[in-house]
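Trainee: I should like a close look at a single part of this model, the largest pocket, together with enough of its surroundings to place it in the chain. Please treat the matter in one connected account.

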Amino acid sequence: MFDPDIAPSGTLLGLLQRGRGDGTLHALAAPRAEALAALNDSVLCDSRRDWQVENRSLYYARLYMQLDGGLEEIERHLFHPDDLTDTGEERTGLALSVLGHLAAYGRDAARLLLRSYAAVGGNWRWALDELALRDDDAGLIGLAPAVLARFPETPEGDAQLATAVRDAFEPRPWRLWAEDPRYRARLAAAGEQGSFDRWQRQLRPRGPRPGWSVTEVLEWAQQELEPRPGEHRYIAAARCLSAVAGPEDRAELLRAGRGGPDAARAAVLHHLAERGDPEVLDLVEAAVTDPLSAEPLVAAALSSYERMRSVAAVERARGWAARTDRLGASAAGMLARRGARRDTDLVLAALRRTVREDGPDADALWELVDGAGRLGITCAAPVLRHLYRETSSSHLRGRAAAALAVTDPGFAAGFAVECLWDCEETTRELAARHAATGDDRVVEQLRRLAADPAEEAEVQTAVRARIGPDASAV
């Protein structure tokens, strides 16, 4: 099944949305109008599984340069009336990042568009950060009146300005504006207020105090859970237990781990797992398999188990891995991380089962894919190739590529070639180390990556290890 926001992987749009190297290669071979339409669709309707960590902007910017694409569609998207009501970063962040890379490549139109949006757009902070890295001082100084006008000279406006200055990802514009006599006093006051806010937060600790007992820590964990149900307070409570709990407290901890309130129980499981207590594995199994256990407790129990590094945890995983529930999936992940060659059948079975039942984007696949590579499971290559093609996560695709480099003899002449154009730098680095240079496209792309100032240093290091200090040596 496909995510409704993701086109099929065999289409040009699907390839570009996934950030696959074949997306670039197919776009360059397709009619220009069709390629630009798919490119604009990918940039303006961000379909990334996790937009905060997956890279696409440099990938799309390079393709805009290669297709000599105009920016009219991006401009219409940025200044659409929706920008007045939908101020979420995910609506415009990708387009702004693409403009930032285009500005770095010398596209003046991209820089001017960023300036215009920073002056009036809803996601102006992102645009200002892009300009902070790429614009000159004069361009940034010219934005000061429009940006500072967003903050009226009232107590509320001054507080909002202090927050903006404090939280700015790139401080360069604010520092430039603070040097201007027209804005110096106000920005200095905003900076002082931001520092004062940090100091005040440090003076308001909400956690346990010195001298607390195990009982008091567990009570605090449960009290904190009720007004803040989305916070993982049990982890903080577990850290406190590590400071106050002694051997004489073990009986109380085990009682709480068997039947205490959920938050206290989760804190105890985390604490005992960190210390490799011999009874914690039974406590984890009881918490996960009890049909009356609430979801937060089950998740906390599995998380505690997955952090364990003991031989006992691996041995128990061998007994759990054949299960088809969440405990079995967690155990298979443990074997993928820490198992031995004898565990290859269990890991492979879990990998196949997860793909078959949960599809190519299941969270459990990450560790199983890594495990297939770590254990060198050559029989996993067909499943890994399927994941590489179908997953919408560029990070998972990169992990599949790394596993294929170990398990698939044809990787160097196959997927490694297209990985040179992939959206993720780690995948391009992997390809630079493995792609067979018998293909002329590989040689040309290696040279291109070596000369591209926007390319990451790790990728260029891998490239130069293949072609030497002089690219003509290939």
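Mentor: Of the 474 residues of the protein chain, 50% count as buried, and the model in which they are counted is a predicted one. The secondary structure consists of 29 helices and zero strands. Along the principal axes, the C-alpha atoms fill a box of roughly 70 × 65 × 45 Å. Where contacts join residues at least 6 apart in sequence, 64% of them link residues at least 24 apart. The chain exposes about 22,500 Å², and carbon and sulfur atoms supply 52% of that area. As for charge, there are 59 positive and 74 negative side chains, and the centres of these two sets lie 3 Å apart.

Against this background, the pocket itself can be described. The largest pocket has a volume of about 900 Å³, and 36 residues line it. Nearest its centre lie Ser97, Trp126, Glu130, Leu133 and Phe169. Five helices each supply at least two residues of the lining: helix 4 (57-67), helix 6 (89-104), helix 8 (124-134), helix 11 (155-167) and helix 27 (425-434). Of the lining, the largest share comes from helix 8, with eight residues.

Helix 4, one of the helices that supply the lining, is joined to helix 5 (72-78) by a loop that contains Asp68. The phi of Asp68 is near 55°, a positive value in a residue other than glycine. Most residues other than glycine have a negative phi. Asp68 counts as exposed because its relative accessibility is 56%, over the 50% cut-off.

Leu112 offers another point of reference, in helix 7 (residues 108-120). With 47% relative accessibility, Leu112 is classed as partly exposed. Its C-alpha atom is separated by 9.6 Å from that of Asp135, and the two residues are 23 apart along the chain.

Further along the chain, Ser310 occupies the loop between helix 19 (295-306) and helix 20 (311-320). Ser310 has a relative accessible area of 26% and is therefore partly exposed. Between the C-alpha atoms of Ser310 and Thr427 the separation is 32 Å, with their positions 117 residues apart along the chain.

Arg337 belongs to helix 21 (residues 326-338). At 22% relative accessibility, Arg337 is also placed in the partly exposed class. Its C-alpha atom and that of Val314, 23 residues away along the chain, are separated by 9.5 Å. Once neighbours within four places in sequence are set aside, the contacts of Arg337 are with Glu306, Glu367 and Arg374.

Thr354, in helix 22 (residues 344-358), gives a buried example. Its relative accessibility of 9% is under the 20% cut-off, so Thr354 counts as buried. Apart from neighbours within four places in sequence, Thr354 is in contact with Gly359, Ala362, Ala364, Leu365 and Leu368.

To return to the pocket: its lining draws on helices 4, 6, 8, 11 and 27, each with at least two residues, and helix 8 provides the largest share.

How values were computed. Residues are numbered from 1 along each chain as its sequence is written. This is a predicted model: local features need pLDDT of at least 70, side-chain atom pairs count only at pLDDT 80 or more; totals for chains, interfaces and linings use all residues. Side-chain values use heavy atoms; hydrogens and water are left out. Helices (H or I, at least four residues) and strands (E, at least two) are DSSP runs, numbered from the N terminus. Buried means under 20% relative accessible area, exposed over 50%, partly exposed in between (1.4 Å probe, protein chains only). Contact means heavy atoms within 4.5 Å. Accessible areas come from the Shrake-Rupley method with a 1.4 Å probe; for residues, only the protein chains shown count as cover. Lys and Arg count as positive and Asp and Glu as negative; His and the chain ends are not counted. The place of a charge is taken as NZ of Lys, CZ of Arg, CG of Asp or CD of Glu. On a 1 Å grid over the protein atoms alone, a cavity is a set of points where a 1.4 Å probe fits but cannot get out, and a pocket is an open set with protein on both sides within 12 Å along at least five of seven lines; lining residues have an atom within 4 Å of a point. Grid points are joined across faces, edges and corners, and a volume is the space filled by probe spheres set on the points.
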